[in-house]
Amino acid sequence: MASTSLDLSRVRSIHLMGVGGAGMSGLALLYKALGFQVTGCDMGNSCYTTKVREAGVPVYLGHDPHHLDDHKADILAYSSAIPSDNPELVTARERGIPVVQRAELLSLLFNSRCGVGVAGTHGKTTTTSMISLIAERAGLEPTVAIGGELCDIGCNAKLGNGNVMVAELDESDGSFQFFQPSVAVVTNVDWDHVNYYPSRQSVVDAFVSFLANVPSDGFEVLCGDDPGVRALLGRLEGQNCQNRVTYGLEKGNDFYPTNLEQYPGGGMSYTLNRFGRQVGRVRLTVSGTHNLLNSLAALAAGSRLGISFDLMVSALNEFHGVKRRLQQKGNAGDDILVYDDYGHHPNELKATLTALGQMFPKRRLVVVFQPHRYTRTAALYEQFAQVLSQADQVILLPIYAADEQQIPGVSSSLIQDKIHERHPGLCHLVRDKVDAEACVMSVLQPGDLLLTAGAGDVCVIGDLILQNLKAPCSATA
């Protein structure tokens, strides 16, 4: 899967299915900027369809084979959320129109440049964003493709004039194996997307295949603290390690921090150590151990690109985060702070709760969580319950199905029941977002910290609370 036979020289018109998602909308923006005729469709509107339309890309609501007629598509690209029996896909194949995955089309741009590819089960959006900002501030004019909206650039994709491309590479369907990165970053290797990966070992296998695509003169940046990465390193023994570095909190890594200082209310600083020598002080405006690790990965990748330490530190100090990644939405009055996070895996949720605890150790924490996918909930509900039990109050929404069919016996009540076994009264199960809003209003106290978390549309709860308490909604990250 490491290469593609697509020939863009014969392509004028590209149709994108699922253009309302972060990844596919970014692809639309890039190919539109390259001068291609681009159209898209999705089942509903989103902030991404708005941005795509503003860039001059027609977006249809719904899926219909007639979309292929209206603009005579030469290629149809689809997101992993589109089922294989979708009428548009079926019609395109019947007509001989090339049908490709989103990643395959993105890899054509990436592999023709000095590609910095960030992979990993968690943290890749923020790490990609940090590297992108560093490269931007260094004057490399990078092309960027991120699975979220970078607050400091204001978009999730950007066509640059330089030879460097920084991209978030999605492992969820194995399609990251289309990419041949000059610099490959692996933030962690964890078992997620259980609908595609039947076991932890299958995830490790996929990352082994991904790193096999790094050219002999390429560079690998791996998180040495992560158990999954350590399993991956065990599989890579005997391979050329001259161009491989590790990063992490432990001193056995090539890049590690010392003299860490956490700032109440947000932010931290540390001394970077590279190959056992102190390099200098790093100051971050974002919080949490996970963001510390993300910054170490960014520093290691930036060093490979030849960017000076002082310039990288300056860029990281400017970094204000990514939307829906530990994003402060506003102050709801009575000193109630509202945060939102995309975390939809137990380890992601744990990192977010830990970071908030470090930032605000004396505040009560109220969490509104929306489980994402039936398969993930069925596999990990006990871990979700354990992590959510750290909160003072938990409000559980129904499962956000994405593209999955309901699994009998699998619902948010699996998580609630496990929490209730040890902490009766801690967790409230609600029917919908209206019910959730009322429940939040009934439990909030002055000085509380409210977190909405999940990969679905749970973020609107925070906005509703801000509106209800008549406080201005800020965009501060």
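Is Gly333 buried, partly exposed or exposed in this structure? In this predicted model, Gly333 has a relative accessibility of 28%, and it therefore counts as partly exposed. Gly333 is found in a loop, the one that runs between strand S16 (327–331) and strand S17 (337–341). Its C-alpha atom is separated by 37 Å from that of Glu168, a residue that is 165 positions away along the chain.

The chain as a whole can be read through its domain assignment, which gives domain 1 (12–104), domain 2 (113–318) and domain 3 (327–470). Between domain 1 and domain 2 the contact takes 14 residues from domain 1 and 18 residues from domain 2, while the C-alpha centres of these two domains lie 29 Å apart. The size of an interface is often given as the accessible area lost when the parts come together. For domain 1 and domain 2 the area buried between them is about 1,200 Å², and 63% of it is on carbon and sulfur atoms. Across this interface of domain 1 and domain 2 the count of salt bridges is zero.

The next stop is a stretch that carries an annotation. The unreviewed UniProt entry places the feature "binding site" at Gly120, Thr121, His122, Gly123, Lys124, Thr125 and Thr126. Two of these residues, His122 and Thr126, can be followed in more detail. His122 has its place in the loop between strand S6 (114–119) and helix H6 (124–137), and at 11% relative accessibility it counts as buried, because the limit for that class is under 20%. When its neighbours within four places in sequence are left aside, His122 is in contact with Thr187, Asn188, Asp190, His345, Asn347 and Glu348. Thr126, by comparison, has its place in helix H6, and with a relative accessible area of 8% Thr126 is buried too.

Charged pairs come next. Side chains of opposite charge can pair when their charged atoms come close. The structure as a whole holds 12 salt bridges, and three of the pairs are described here.

One of them is formed by the side chains of Asp69 and Arg95, which meet at 2.6 Å, N to O. Asp69 lies in helix H3 (residues 66–70) and Arg95 in the loop between helix H4 (87–94) and strand S5 (99–101), so this salt bridge ties together parts that are 26 residues apart in sequence. Both partners fall in the intermediate class of accessibility, since Asp69 is partly exposed at 33% and Arg95 is partly exposed at 45%.

Another salt bridge joins Lys158 to Glu136, with the closest N and O atoms 2.5 Å apart. Here Lys158 lies in strand S8 (residues 155–158) and Glu136 in helix H6, so the pair ties together parts that are 22 residues apart in sequence. Helix H6 is also the element in which Thr126 has its place. Lys158 counts as partly exposed at 27% relative accessibility, and Glu136 likewise counts as partly exposed at 23%.

The remaining pair described here is Lys418 with Glu421, whose side chains meet in a salt bridge at 3.7 Å, N to O. These two residues are three residues apart in helix H13 (residues 413–422), which means that about one helical turn separates them. Lys418 is partly exposed at 28% relative accessibility, whereas Glu421 is exposed, with a relative accessible area of 57%. The pair also belongs to a network, in which salt bridges that share partners join Glu382, Lys418 and Glu421.

Finally, there is the matter of the cysteines. The structure holds zero disulfides. Why does Cys427 not form such a bond with Cys439? The sulfur of Cys427 is 9.1 Å from the closest cysteine sulfur, the one in Cys439, and this is too far for a bond, because a disulfide requires the two sulfur atoms to lie within 2.5 Å. Cys427 is itself buried, with a relative accessible area of 12%. Cys41 is buried as well, with a relative accessible area of 0%.

Conventions. Residues numbered from 1 in each chain as written. Predicted model: local features only at pLDDT ≥ 70, side-chain atom pairs only at ≥ 80, totals over all residues. Heavy atoms only, no water. Buried < 20%, exposed > 50% of the residue type's maximum accessible area, 1.4 Å probe, protein only. UniProt positions renumbered as here; feature names shortened; annotations may be inferred. Helix = DSSP H or I, 4+ residues; strand = E, 2+ residues; numbered from the N terminus. Contact = heavy atoms within 4.5 Å. Domains from an automatic or database assignment. Buried area = accessible area lost by both parts, 1.4 Å probe. Salt bridge = Lys/Arg side-chain N within 4 Å of Asp/Glu carboxyl O.
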